[in-house]
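Me: Please take one part of this structure and look at it closely. Start with how its pieces pack, then work outwards.

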There are 2 protein chains.
Amino acid sequence: MNALDTIDTAMLRILQQSGRISNAELAERVGLSPSACSRRLDILEKSGVISGYHAHLSQKALDYTMIAIVHISLSGQFAKTLAEFETAVKLCPNVLVCYLMSGEYDYILRVAAKDLADYERIHRDWLSALPHVVKINSSFALREIIDRPNVGV
Amino acid sequence: MNALDTIDTAMLRILQQSGRISNAELAERVGLSPSACSRRLDILEKSGVISGYHAHLSQKALDYTMIAIVHISLSGQFAKTLAEFETAVKLCPNVLVCYLMSGEYDYILRVAAKDLADYERIHRDWLSALPHVVKINSSFALREIIDRPNVGV
DNA sequence: AACTCCCGCGCAATGTCCTTGCGAAGAATC
DNA sequence: GATTCTTCGCAAGGACATTGCGCGGGAGTT
């Protein structure tokens, strides 16, 4: 994959904000003909720079309105321990985000649930079953203040 | 806004996964004619159920590759205190996510930065300037394990 | 400098898609 | 049972996406 030039990054910036814009308008906004723009977009998608497009729904339209932030500590920091944990956590469909962290806990997870009963099920069937876990700390989001897809206004 | 029926939710589910699908294919997958589907989609967008579409970029294509998780405590829990903090935090473009939380800290933030120097600037100019803050605790993501837009496979 | 190669562009054409008007069928209301 | 409201499918016209093609500028070579 070649490096991204000015026009590519301009396209990416626009598509981050407006993922369903027409190719014609995208072309106009980056100063390219529709055909050239279409070809570049094709490359960006096929090379994996753009991994997908997603509709962003209002909170009330979602089935999963409960967000839990889960801090997890493992029993060790060996590469094998981390790898086994990560392989397992990827299988849980309710885990939206998982980072390996610096600081007190090893991992931080953002987990989506329908309600408290649903979270109890997820905690029991998935989180507690993760390997090498020695401490789980769940906090719940009481209210969403900001949820932006990317840096911007 | 009327309640969402089975077809609406089917459309939303598909668009969450494939935000740039053509209206024709969307119509086919929910068993509707293209015209009817286009009209329903129009309603979903204008009523705010769908708040936008966004391209999801690969990590290496992003300018902002550094993710900080910031825990913040305020000096009190009065409604006015919370409201003033929230108004201020919304102005910081680098804050991607902000939740009011249960538990030890009042707020949790997900902050995007280009590098450590950029984060230092954000911390100094934005986070430290937020009103009523008495404690800030930053952790950094060492590695991204999962980043899904919504619940699913 | 002249040549060639190669990459990316715009133009044009074709086929697909999106949208709007229209009439009909079904559900709800009176 | 008549009226009204909603939502559908169909059809048409216009917009859009995509592909082949030829051009032109830059890089590397002779």
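Reply: **Helix packing in chain A**

α1(A) and α3(A) are roughly perpendicular to each other. This is a predicted model, and the angle comes from its atoms. The axes of these two helices cross at roughly 75 degrees and come within 11 Å. Angles from 65 to 115 degrees count as roughly perpendicular, so the label fits.

Which residues make the contact between α1(A) and α3(A)? From α1(A) come Ile7(A), Asp8(A) and Met11(A). From α3(A) come Arg40(A), Leu41(A) and Leu44(A). By class, four of the residues in this contact are nonpolar, none is polar and two are charged.

Now take the next partner of α3(A). That is α2(A), which packs against α3(A) at an angle of about 100 degrees. Their axes lie 8 Å apart. That angle makes α2(A) roughly perpendicular to α3(A). On the α2(A) side, the residues are Asn23(A), Ala24(A), Leu26(A), Ala27(A) and Val30(A). They meet Pro34(A), Cys37(A), Ser38(A) and Leu41(A) of α3(A). This contact holds seven nonpolar residues, two polar ones and no charged ones. Note Leu41(A): α3(A) uses Leu41(A) to meet α1(A), and uses Leu41(A) again to meet α2(A).

**Where the DNA comes in**

The helices α2 and α3 turn up again beside the DNA. Which residues come nearest to DNA strand D? There are 15 residues around DNA strand D, and the nearest are Asn23(A), Ser35(A), Ser33(B), Ser35(B) and Ala36(B). Two or more residues of that surface come from each of α2 and α3 of chain A and α3 of chain B. By class, the surface near DNA strand D has five nonpolar, seven polar and three charged residues. Asn23(A) therefore does two things: it belongs to the contact of α2(A) with α3(A), and it is among the residues nearest to DNA strand D.

DNA strand C also has 15 residues around it. Here the nearest are Ser33(A), Ser35(A), Ala36(A), Asn23(B) and Ser35(B). The elements giving two or more residues are α3 of chain A, with α2 and α3 of chain B. Five nonpolar, seven polar and three charged residues make up the surface near DNA strand C.

**How the two chains meet**

Step outwards to the whole pair. How many residues does each chain bring to the contact? Chain A brings 52 residues and chain B brings 52. On chain A, the elements that supply at least two residues are α1, β1, β2, α4, β3, β4 and β5. β5(A) gives the largest share, nine residues. That side of chain A has 31 nonpolar, 14 polar and seven charged residues.

Why do the copies meet through the same surface? Because 100% of the interface residues of chain A are also interface residues in chain B. The superposition adds to the picture. A turn of 180 degrees and a shift of 0.0 Å along the axis lay chain A on chain B with an RMSD of 0.1 Å. That is the relation of a two-fold axis.

**The shared barrel**

Both chains build one barrel. Its eight strands follow the order β2(A)-β4(A)-β3(A)-β5(B)-β2(B)-β4(B)-β3(B)-β5(A), and they pair antiparallel. Neighbouring strands are turned by 35 degrees against each other on average, ignoring direction. α4(A) packs on this sheet, touching β2 and β3 of chain A and β5 of chain B. The direction of α4(A) makes about 80 degrees with that of β5(B).

Follow β5(B) around the barrel. On one side, β3 of chain A pairs with β5 of chain B over five antiparallel bridges. In that pairing Tyr99(A) stands opposite Glu144(B). β2 of chain B also runs antiparallel to β5(B), and seven bridges join the two. There Ile72(B) faces Ile136(B) across the strands, standing opposite that residue of β5(B). Elsewhere in chain B, β3 and β4 pair antiparallel over five bridges, with Leu100(B) opposite Tyr107(B). Helix α5 of chain B lies across β2, β4 and β5 of chain B. The helix runs at about 135 degrees to β4(B).

Conventions. Residues are numbered from 1 along each chain as its sequence is written. Chains are lettered from A and ligands numbered from 1 in the order in which they are written. This is a predicted model: local features need pLDDT of at least 70, side-chain atom pairs count only at pLDDT 80 or more; totals for chains, interfaces and linings use all residues. A residue is near a molecule or strand if its C-beta atom, placed from the backbone, lies within 6 Å of it. Helices (H or I, at least four residues) and strands (E, at least two) are DSSP runs, numbered from the N terminus. Ala, Val, Leu, Ile, Met, Phe, Trp, Tyr, Cys and Pro count as nonpolar, Asp, Glu, Lys and Arg as charged, and the others, Gly among them, as polar. Two strands pair if DSSP finds at least two bridges between them. Two residues are in contact if their C-beta atoms, placed from the backbone, lie within 7 Å. Axes are lines fitted to C-alpha atoms, for helices over the stretch in contact, and angles run from 0 to 180 degrees between N-to-C directions. Copies are superposed by least squares on the C-alpha atoms of residues with pLDDT of at least 70 in both. Angles under 35 degrees count as roughly parallel, over 145 as roughly antiparallel, 65 to 115 as roughly perpendicular and the rest as oblique.
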